[in-house]
Amino acid sequence: VRQPSVFQLHEGQTLLRVLTQAGGLNEPTAKMRNVVIIRPVDETHSDVIVVDLRQSLKTGVDLPMMPGDIVYNPRTGIRIAPYRHDLARAQSVFAII
């Protein structure tokens with residue numbers, strides 16, 4: 001993102017709104033198909049959600065943000081391990097790994 005920071009979440013805030021608040025993705029290095037959300041489940045576990053922003057923008061499906069979420073946009077692509085759990089919870093543009 002162009003202006004990385006810590007943002008206070010408001011009720012109903014989504015990934016696209018948070019990215020907009022952070023100045024948008026850094027175009028030359030952004031990987032829109034691999035935006036990562038690290039979401040704490042409890043004190044020792046977190047879910048990792050990979051979002052395809054291109055698909056999200058195309059379909060209008062946006063990910064609601066939760067307190068404690070960390071948004072990460074790597075400069076290179078992500079390799080997803082073959083093991084995936086509970087994908088029934090995720091919508092088509094989200095992958096929980």
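A pocket, as the term is used here, is an open set of grid points where a 1.4 Å probe fits, with protein on both sides within 12 Å along at least five of seven lines. The model on display is predicted.

**First stop: the largest pocket.** Select Ser5, Phe7, Val18, Ile70 and Val71, the residues that lie nearest the centre of the largest pocket. The space there amounts to about 380 Å³, and the full lining comprises 16 residues. By character, 12 of the lining residues are nonpolar, three are polar and one is charged. Next, colour helix 1 (15-21) and strand 3 (70-72), each of which supplies at least two residues of the lining. Strand 3 gives the most, with three residues.

**Second stop: isoleucine 37.** Move to strand 1 (residues 35-40) and select isoleucine 37. This residue counts as buried because its relative accessibility is 0%. Display its surroundings: beyond its neighbours within four places in sequence, isoleucine 37 is in contact with residues including Leu15, Val48, Ile49, Leu63, Met65 and Ile70. A C-alpha to C-alpha distance drawn from isoleucine 37 to isoleucine 70 reads 5.5 Å, although the two are 33 residues apart in sequence.

**Third stop: the salt bridge.** Which side chains should be selected here? Those of arginine 39 and aspartate 69, which meet in a salt bridge at 2.7 Å, N to O. The pair links distant parts of the chain, 30 residues apart: arginine 39 belongs to strand 1, and aspartate 69 to the loop between helix 2 (53-59) and strand 3. Arginine 39 is buried, its relative accessible area being 17%; aspartate 69 is likewise buried, at 16%. A search of the whole structure finds one salt bridge.

Note on methods. Residues numbered from 1 in each chain as written. Predicted model: local features only at pLDDT ≥ 70, side-chain atom pairs only at ≥ 80, totals over all residues. Heavy atoms only, no water. 1 Å grid on protein atoms, 1.4 Å probe; cavity = no way out; pocket = protein on both sides within 12 Å on 5 of 7 lines; lining within 4 Å. Points joined across faces, edges and corners; volume = space filled by probe spheres on them. Helix = DSSP H or I, 4+ residues; strand = E, 2+ residues; numbered from the N terminus. Nonpolar A, V, L, I, M, F, W, Y, C, P; charged D, E, K, R; others polar. Buried < 20%, exposed > 50% of the residue type's maximum accessible area, 1.4 Å probe, protein only. Contact = heavy atoms within 4.5 Å. Salt bridge = Lys/Arg side-chain N within 4 Å of Asp/Glu carboxyl O.
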